Amino acid sequence: MLVPAPASITASGAAPFAVTPRTRIVVNDVAAVPVGVFLARLIAPSPAAAISVELMTGLTGGPLPEDAFVLQLQPAAAAGASQAPDLGSQQAEGYTLSATAARVVVTAPAPAGLFYGVQTIRQLMPAAVEHEWLRRKTLTVPAVEITDAPRFAWRGAMLDVSRHFFGVEEVTRLIDLMALHKLNRLHLHLADDQGWRIQIESWPNLTRHGGSTEVGGGPGGFYTKAQYQEIVRYAADRFITIIPEIDMPGHTNAALASYPELNCDDVARPLFTGIEVGFSALCVESEHTERFIDDVVREIAAMTPGPYFHIGGDEVKRLTPAQYELFVKRAEAIVRAHGKTMIGWDEVAAVSLDPSSVIQYWRPGAPKGNLGQTGKVIFSPANKLYLDMKYTPATAIGLDWAGRVEVRDAYDWDPAAMTPGVGEGMILGVEAPLWTETVARRADLDYLMFPRLAGAAEIGWTPQARRSWEDYRQRLAAQAGRWTALGINFYRSPQVPWAP
Ligand code: TNX
């Protein structure tokens, strides 16, 4: 059972494909080898019994091998693709999959599509595939025909590593779980009042002092440049783009505590370990601030291959509208000068932006300025997609300022029908943020993310017409064994008919 559901699937009822010691993995192009290796690692009975990936360049058109997984790149093979060489990103992520007793064939126009085809194979196999000890059981793939491509280009999660710090191991684990659900954007909230989490060589006190604590007074932490780059690479290998965010001009207490000159009165602020918001602001008119923003954006942009830089821009209560506008315009110009596309939380919609900039919608019902002005909106409405909202009054972890968000609330809505004037064509996609004021441990992170992150993934991937709550809750229930094998501490919502 697949989550997210594919655009189209038919099961033939014929005999399944079975993995045996004779099973081969064959690709038709060097560019497909890494995806083949991913599949090989997934199904190998043990690291020592690795399956090799064979490159057969003459594959297309000829007879396909038996007892094989075949991953083939075909330029115009996108699900429903035109012959246009310049595929849109959604089509480049599409694939077709054909499974019979003889072979499983994935065909895609680009490696990303092959990768998503492999994630589909993974979910078609029994949950045992997720666990090295259980893999000795026979792995099978049911006989199916699938044609698939995502609805939206942007299918994201956000992790707030400022309120509580999560190290490289936690982040790479999240990346693995995102890949399983065909998510392709990981937004890291790298700086806020409580902590600065990314090494900046030209302003070393940001991490030395500003990274030294977190909510509740714990030890905090930060990523060195090498660690950040390790995360970027790990994500890229799974077709996930990292979006760095430095939240400014508010949510900046950690920076204001580290450098007195960032404050208008030239006095460093004390470190902050509470959870109130809105009290901090950079001294926007000062030259120090401009140099600070330029240095920070430059250093982070230089180690971020993805095209985006998120400047925050939310919940600024200490500046006049004119000061806020001055900040946004400057920050936008700096981001563009360093070759990146600016993203801001929806408060930035009050300012007239460059047409390249992206607005992240989070406040349902709040005054939004011109949300659709650039035609590029990421949907993260707090009452649907905020993973830090409690499920019910009885669930212990989380906040509830945007309401309680049960699994059905998080799933059963359509981004294109939510905001008048912001229709399908203006929506880049969806992103589910996990703010971590109340989240300090992996178990709590898992509990708030699952199952709701899977719902966000399906909203982002599956055509609206193919989605229904009744069908979804059955497919969700079927994930329990897989998620358990992966060690995910998911919330057993009473809305989902989990197998006993
Ligand atoms: C609002 S969302 C915030 C965050 C908090 C979050 C808690 C946004 C752009 N700002 O600073 O962590 O609510 O749910």
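Setting aside neighbours within four places in sequence, Gln-479 touches three residues in this predicted model: Met-1, Val-3 and Gln-123 are its contacts. As for where it sits, Gln-479 belongs to the loop that runs between α14 (469-477) and α15 (480-485). Loop or not, this residue is tucked away: its relative accessibility is just 1%, so Gln-479 counts as buried, the cut-off for that label being under 20%.

Zooming out to the whole protein chain, the secondary structure comes to 15 helices and 18 strands. The chain packs as compactly as a globular protein of its length, because its radius of gyration, 23 Å, is close to the 23 Å that the globule rule gives for 500 residues. Laid along its principal axes, the C-alpha trace spans about 75 × 50 × 50 Å.

Then there is the question of what lies inside and what faces out. Of the 500 residues in the protein chain, 59% are buried, and Gln-479 is one that counts as such. Counting contacts with a separation of 6 or more, 72% are made by residues 24 or more positions apart. On the outside, the accessible surface of the protein chain adds up to about 18300 Å², and carbon and sulfur atoms account for 55% of that area.

Charge rounds off the picture. The protein chain carries 44 positive and 53 negative charges, and the mean positions of these two sets lie 5 Å apart.

Technical notes. Residues numbered from 1 in each chain as written. Predicted model: local features only at pLDDT ≥ 70, side-chain atom pairs only at ≥ 80, totals over all residues. Heavy atoms only, no water. Helix = DSSP H or I, 4+ residues; strand = E, 2+ residues; numbered from the N terminus. Rg over C-alpha atoms; globule rule 2.2 N^0.38 Å. Buried < 20%, exposed > 50% of the residue type's maximum accessible area, 1.4 Å probe, protein only. Contact = heavy atoms within 4.5 Å. Areas by Shrake-Rupley, 256 points an atom, 1.4 Å probe, with all protein chains shown as cover. Lys, Arg positive; Asp, Glu negative; His and termini not counted. Charge placed at Lys NZ, Arg CZ, Asp CG, Glu CD.
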